[in-house]
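Trainee: I'd like to learn how to read a fold from its sheets, helices and side-chain pairs. Could you walk me through one?

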Amino acid sequence: MRILVLMGGTSSERDVSLASGLRIAAALRARGHAVEAMDTVRGRLTPADEQAMLAGGVMRTLPPDRAALAQLGAETLPRTMRDLQGGVPVDVAFLALHGGQGEDGTIQALLDLTGVPYTGSGHLASALAMDKDLSKRLFRDAGVQTADWLMVRAGDAGDWRARAFADATIRRLGLPLVVKPSREGSTVGLTLVKDADAIAPAIAEAMRFDREVMIERFIPGRELTVSILGDRALPVGEIIPKHELYDYECKYTPGMAVEVFPAALTDVERTTVQDAAVRAFGALKLEGYARIDFRMTPDGEFFCLEANTLPGMTELSLIPQAAAAAGIMFPELCERIVQLALDRKSTRLNSSHLGISYAVF
């Protein structure tokens, strides 16, 4: 099969995306597929490019110069899409992009125009999941519990820098609080706030990455994650970070977190959180695969944190560990994800042949 792995991009998760993409490309080649790797900023990668990137690993860096990256991407990505639409021989695109245009539905919409099937969810579901405010509203509609929250938007009336705002927020949500960009992943721009004086600086930090910021009640307890593959919930995992939160450093630095698969839960707890993950997956109209994250309180309540439509696929990432706990090794996991993308295209073509339409009346 001819597979194009798209990676890199212009988001603050660029380094992680490159690590995921290179590992996916190697795994699919090991299964006998013809794989090309492409950084949506730099263009197609040569074998020498890939080897140089693999030697560098994933490390915490300053946020990329988005203006410079966006300029490069504005030249490279449209050219690639035109090539695909013009008939470049690709059977499927594997999306190894994280955050930004790679995960917010933009790339997915462009690929829909080319007719090339791609892994993961479609453009609408990707956009819904990327927006933490909208996704939490849909979780509640589906009966999936999530922490109380409020939104702050750049340009909103009122002054979030004022002490009165902090005091009102604490009266409404309590302490501690989690402050984070509405449309970022990998805990980029996230702050755990424990006193009123820290609220304004935390909002300012989050606004470096997004014009919409979420302030959310912190849920104490265990950090759990449920990966969905097709219509199946994989074994539940528990994350025990070295820091108070499972932050960027804990996620991508060896030894900074312990991940336990399967998590030590009762049968009732396991089935409850897996059922909530499946409902969250359906509420956002997700497809293919995703990872749904939860907090479990000391008294056994589950609160959904967010859905990740293109979860990390590095050596330290969670969905490969969940798959391994289910007996699915990484190369097979990648191949199954590709097959789900092809199955989705086939289903849509069959529906079209049957004369089914999706108009809203």
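Mentor: Sure, and let's begin with what pairing means: two strands pair if DSSP finds at least two bridges between them. Keep in mind that this is a predicted model.

Trainee: Fine. In the open sheet that contains E5, what is the order of the strands, and is the pairing parallel or antiparallel?

Mentor: Here's the general idea: strands of a sheet pair through backbone hydrogen bonds, either parallel or antiparallel. In this case 4 strands line up as E5-E8-E6-E7 in an open sheet, and the pairing is antiparallel. Strand E5 (149–153) and strand E7 (191–193) sit at the edges, each pairing on one side only. From one strand to the next, the twist averages 25°.

Trainee: How many bridges join E5 to E8?

Mentor: There are 5 bridges between E5 and strand E8 (residues 212–217), and the two run antiparallel. For a handle on the register, take Met 151: its bridge partner in E8 is Met 214. Helix H8 (residues 163–173) packs on this sheet, where it touches E5, strand E6 (177–181) and E8, and its direction makes about 155° with that of E5. Helix H9 (residues 199–206) lies across E5, E6, E7 and E8, and runs at about 25° to E6.

Trainee: What about the sheet with E1: in which order do its strands come?

Mentor: That one is also described by order and sense. It's an open sheet of 4 strands, E3-E2-E1-E4, with mixed pairing. Its edge strands are strand E3 (43–44) and E4, each pairing on one side only. E1 and E4 pair in the parallel sense over 4 bridges, and Leu 6 has Leu 95 as its bridge partner in E4.

Trainee: Which helix lies across E1 and E4?

Mentor: That's H5, running at about 180° to E4.

Trainee: And which residues of H5 are buried?

Mentor: The general rule first: an α-helix has 3.6 residues a turn, so residues three or four places apart point the same way. In H5 the buried residues are Ile 107, Gln 108, Leu 111 and Thr 114. They cover an arc of only 110° around the axis, which puts them on the same side of H5. Just after H5, look at Gly 115, which takes a positive phi of about 85°.

Trainee: Now the core. Which residues of the largest nonpolar core touch the most other members?

Mentor: That core has 50 residues, and the ones touching the most other members are Val 5, Leu 6, Ile 24, Leu 28, Phe 94, Leu 111 and Met 313. The elements that each supply at least two of its residues include strand E1 (2–7), H1, helix H5 (106–114) and H13. There's a second, separate core of 25 residues, with Ala 129, Phe 139, Ala 280 and Leu 286 among them.

Trainee: Which residues does Met 313 touch, leaving out its sequence neighbours?

Mentor: Leaving out residues up to four places away in sequence, the contacts of Met 313 include Ser 20, Ile 24, Phe 94, Phe 330 and Ile 337. Follow the first of those: Ser 20 lies in helix H1 (residues 14–30) and counts as buried, at 0% relative accessibility. Besides Met 313, Ser 20 touches Ala 96, His 98, Gly 312 and Thr 314, with that sequence cut-off again applied.

Trainee: Last topic, charges. How many salt bridges does the structure hold?

Mentor: In general, side chains of opposite charge can pair when their charged atoms come close. This structure holds 27 salt bridges. In one of them, Arg 29 meets Glu 50 at 2.9 Å, N to O. Arg 29 lies in helix H1 and Glu 50 in helix H2 (residues 47–56), so the pair ties together parts that are 21 residues apart in sequence. Arg 29 is partly exposed at 33%, whereas Glu 50 is buried at 6%.

Trainee: Where does the pair Glu 332 and Arg 336 sit?

Mentor: Both are in helix H13 (residues 330–353), 4 residues apart, which means a separation of about one helical turn. Their side chains form a salt bridge at 2.9 Å, N to O. Glu 332 is partly exposed at 24%, and Arg 336 is partly exposed at 34%. To finish, trace the network of salt bridges that links Asp 131, Asp 133, Arg 137, Arg 153, Arg 183, Asp 210 and Glu 212.

Methods. Residues are numbered from 1 along each chain as its sequence is written. This is a predicted model: local features need pLDDT of at least 70, side-chain atom pairs count only at pLDDT 80 or more; totals for chains, interfaces and linings use all residues. Side-chain values use heavy atoms; hydrogens and water are left out. Buried means under 20% relative accessible area, exposed over 50%, partly exposed in between (1.4 Å probe, protein chains only). Contact means heavy atoms within 4.5 Å. A salt bridge is a side-chain nitrogen of Lys or Arg within 4 Å of a carboxyl oxygen of Asp or Glu. A nonpolar core is a set of buried Ala, Val, Leu, Ile, Met, Phe, Trp, Tyr and Cys residues joined through side-chain atoms within 4.5 Å. Axes are lines fitted to C-alpha atoms, for helices over the stretch in contact, and angles run from 0 to 180 degrees between N-to-C directions. The arc is that of the directions from the helix axis to the C-beta atoms.
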